[in-house]
Amino acid sequence: MAKGIYVSATTPGSGKSLIALGLADTLHRHADRIGFFKPVVNGHDVASDPMVALMKSRFNLDDDRCRGGLTFPEVRSLLAEGKREEIDSRCVEIFAEMSRHCDVVIVEGTDLTGQDAAVEFDLNARLANNLAAAVVAVVGAKGRTVAETVDAVEVARKELVAERCTLLAIMVNRADPEDLEAIAAAVRPGASGRPVYVLPELEEIARPTTGEVAAAMGIGQVAGLADLERDVRSVKVAAMSVANFLHVLDDGALVIVPGDRADVLVACLASSFSPEFPVPSALILTGGLAPDPTIYSLLAQAPFPIFAAPDDTYVTAKRVSEVRSEIWSGHRRKVASALGLWARRVDEAELLERLHLPRLERMTPLRFLHDLIERARSERRHIVLPEGTDVRILRAAEILRRRDVCELTVLGRESDVRELASTQGIDLTGINIIDPATSELRQGFAEKYAELRAHKGVDLAKALEVMQDESYFGTMMVQLGVVDGMVSGAAHTTAHTIRPALEFVKTRDGVKIVSSVFLMLMPDRVLVYGDCAVNPEPNVEQLADIALASAETAAQFGVEPRVAMLSYSTGGSGAGEAVDAVRQATELVRSRRPDLAVEGPIQYDAAVDAAIAESKMPGSTVAGQATVFIFPDLNTGNNTYKAVQQSSGAVAVGPVLQGLRKPVNDLSRGCTVEDIVNTVAITAIQAQSAEPAAAEPAAVPAAAEPAAEPAAVPASAAARA
């Protein structure tokens, strides 16, 4: 039977769903098959429980590995009839069915919000024992003093021991941030000596979104932008003159206003279009009153949602104040904040040590992407995003900051960046914003650039002009150690992204060409394809360079490099200029890296299929089990990666640039927010092993000798983006 971990609230409002989510994220990266089981769901339909839905979508779990058990009304009825054993037996039966498909199952208990919390506590303890699941007890600290919280931990520990539960861990959640360290110091470890983890209440999680407010109140949208993920930072009732109301309006405020107050409606709309004034998160029109049709046509342009409520202003405001935010709403920014908090406050290595999980056998795409985030976060680096006026970049930056992945700097005119963020409901707290045109760094950057490019006729005046370009400014930040890496390309061509790096970041020692790979996430493993994005027709030496760089990239991301130098011929079965070039490149790779497993020329089928490999190239350590595939030219590589992506459902992550002294990565102009998040994480990981910075961060170093002139940006790179 699968190992079970029972997440049990010991006090109402503990926020145990955050703990279940954090556990799932941790276990998903360290166990082959995880499951999620909620024995008792709050609604009247087991299949539609929101926490079950969140776990399914977040961790790509099917119905066999993510289920609800009984509804709360069913459980209440069975308890009233004295049929506790039936509850236990049905839950054990479901858990046993899930165990056939899982190695570890996270079980989330009830909320202790029923009329008899003691009965629920007993129910959770019985279920944990009957499922043979170790208990993670969650103590809610909200509204409690330090002493009261410490007492609650002791009570939970004693009661669970009295129930003969196996106690895996105790976690205190929703603590006042000011009491955090005092609670951590005062709470005592149990008999095992293991620490009690303490997590603070986090505003970003506690705030409801506009969508949560609308759903809780059952109100519909009547105008404005359909953005239901905006945080409601405050609630304002417009019961005063416009002039006075604008004085108290804040960014992210939900405004409650009678539907016939045209003056307030127009004022809120005007405020949202002015960079000097705040932007509301939403408007709720009360009293069932509809504004004049002319006003409606204006409100249609609002950059925030507008809802209509039938109740009067007082009742509406009271109902809004009662709306609770929940992790299971699934809003990606809340999930990002929750996982960032978990990573900061919980020692995953120590927690995993308690679990004794079996060794991983498979690397799924989702696990690989989650692992990217964790690896980036383990040694935080500083990444610059030059395209600060692209809304996708700002949304990704907010997610990265909430997940605590890395330090971030966004480039662009600050007023433009902040206005765009405000109108889109994006929170840029904790993210640096620099305008290259006005930055104090520009002068020093220009002097350095003029010195490095003097042989090309660049003087200081020209260099000052060039350093107004965000790509050049951002790349110079990387070169001089102000930041550790750069990600660009959402709004710029590949050539615009790469050219500055070729001019002065240059390639690493022993590398003569910048190339790229795609990390191909197959259902059970990760493969590396190179070069599929940059170099059209590499010569023998360049092909060897690409192979060596790709092997290094593979190892950097946890893939054991077994390199297949691809051709239309395997071994000595064919001849011709193209095959000979691959054969020569293979020999060059072997001479430069005798320790590297490499085979070539080899056909793709012989590289991946063990049976074909046995007939075409028996005894090879690469044939049939290759992990790194080097294509002879861009035409072959680009078409192959897209064919595999489209036909097999593989996830293609990249292109990941390689060969540069410091990490600079390119985005597709059609990239999604998730693509940007993943590329920033990759760049941060590359920066962890990049060459040392030229100077301390924020300092502009002394001049260096100009490096050799870089090769021109490949034509394909300019045409691709």
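1. Let me start with strand S18, where both faces are covered: Val 526, Val 528 and Gly 530 on one side, and Leu 527 and Tyr 529 on the other, are all buried. General strand geometry is a helpful reminder here: in a regular strand the side chains alternate between the two faces of the sheet. Please keep in mind throughout that this is a predicted model. Strand S18 spans residues 526-530, and 5 of its 5 residues are buried, so the strand is largely enclosed by the rest of the structure.

2. What does S18 pair with? Strand S17, residues 515-521, is joined to S18 by 5 bridges, and the two run antiparallel. Within this pair, Leu 521 has Val 526 of S18 as its bridge partner. The connection from S17 to S18 is a hairpin of 4 residues.

3. S18 also pairs with strand S21, residues 628-630, through 3 bridges, this time in parallel. Here Val 528 has Val 628 of S21 as its bridge partner. Val 528 is also among the buried residues listed for S18.

4. A further sheet deserves a look. Its 5 strands follow the order S15-S14-S13-S16-S23, forming an open sheet with parallel pairing. At the edges are strand S15 (432-434) and strand S23 (664-666), each of which pairs on one side only. On average, neighbouring strands of this sheet are turned by 25° against each other, direction ignored.

5. For the S15 edge, the details are easy to follow on screen. S15 is joined to strand S14, residues 407-411, by 3 bridges, and the two run parallel. Across this pairing, Thr 409 stands opposite Asn 432 of S15.

6. Turning to helix packing, the axes of helix H16 (residues 365-378) and helix H28 (residues 673-688) come within 8 Å and cross at roughly 45°. H16 and H28 are therefore oblique to each other, and their crossing is left-handed. On the H16 side, the contact is made by Leu 369, Leu 372, Ile 373, Arg 375, Ala 376 and Ser 378. H28 contributes Val 677, Asn 678, Ala 681, Ile 682, Ala 684, Ile 685 and Gln 688. By character, the residues of this contact divide into 9 nonpolar, 3 polar and 1 charged.

7. Next, some backbone points to check. Most residues other than glycine have a negative phi, and most peptide bonds are trans. Which peptide bonds are cis in this model? One joins Gly 600 and Pro 601, with omega about 0°, and Pro 601 sits in strand S20, residues 597-602. Another cis bond runs from Gly 654 to Pro 655, with omega near 5°. Pro 655 belongs to strand S22, residues 651-658.

8. Two residues other than glycine with positive phi are also worth a look. For Arg 174, phi is near 65°, and this residue lies in strand S6, residues 167-175. Is Arg 174 buried or exposed? Its relative accessibility is 19%, so Arg 174 counts as buried, the cut-off being under 20%.

9. The other is Lys 506, with phi near 70°. Where is Lys 506 found? It is in the loop between helix H22 (494-505) and S17, the strand that pairs with S18 through 5 bridges. With a relative accessibility of 11%, Lys 506 therefore counts as buried.

How values were computed:
Residues are numbered from 1 along each chain as its sequence is written. This is a predicted model: local features need pLDDT of at least 70, side-chain atom pairs count only at pLDDT 80 or more; totals for chains, interfaces and linings use all residues. Side-chain values use heavy atoms; hydrogens and water are left out. Axes are lines fitted to C-alpha atoms, for helices over the stretch in contact, and angles run from 0 to 180 degrees between N-to-C directions. Angles under 35 degrees count as roughly parallel, over 145 as roughly antiparallel, 65 to 115 as roughly perpendicular and the rest as oblique. A crossing is left-handed if the near helix is turned anticlockwise from the far one by less than a right angle, and right-handed if clockwise. Contact means heavy atoms within 4.5 Å. Ala, Val, Leu, Ile, Met, Phe, Trp, Tyr, Cys and Pro count as nonpolar, Asp, Glu, Lys and Arg as charged, and the others, Gly among them, as polar. Buried means under 20% relative accessible area, exposed over 50%, partly exposed in between (1.4 Å probe, protein chains only). Two strands pair if DSSP finds at least two bridges between them.
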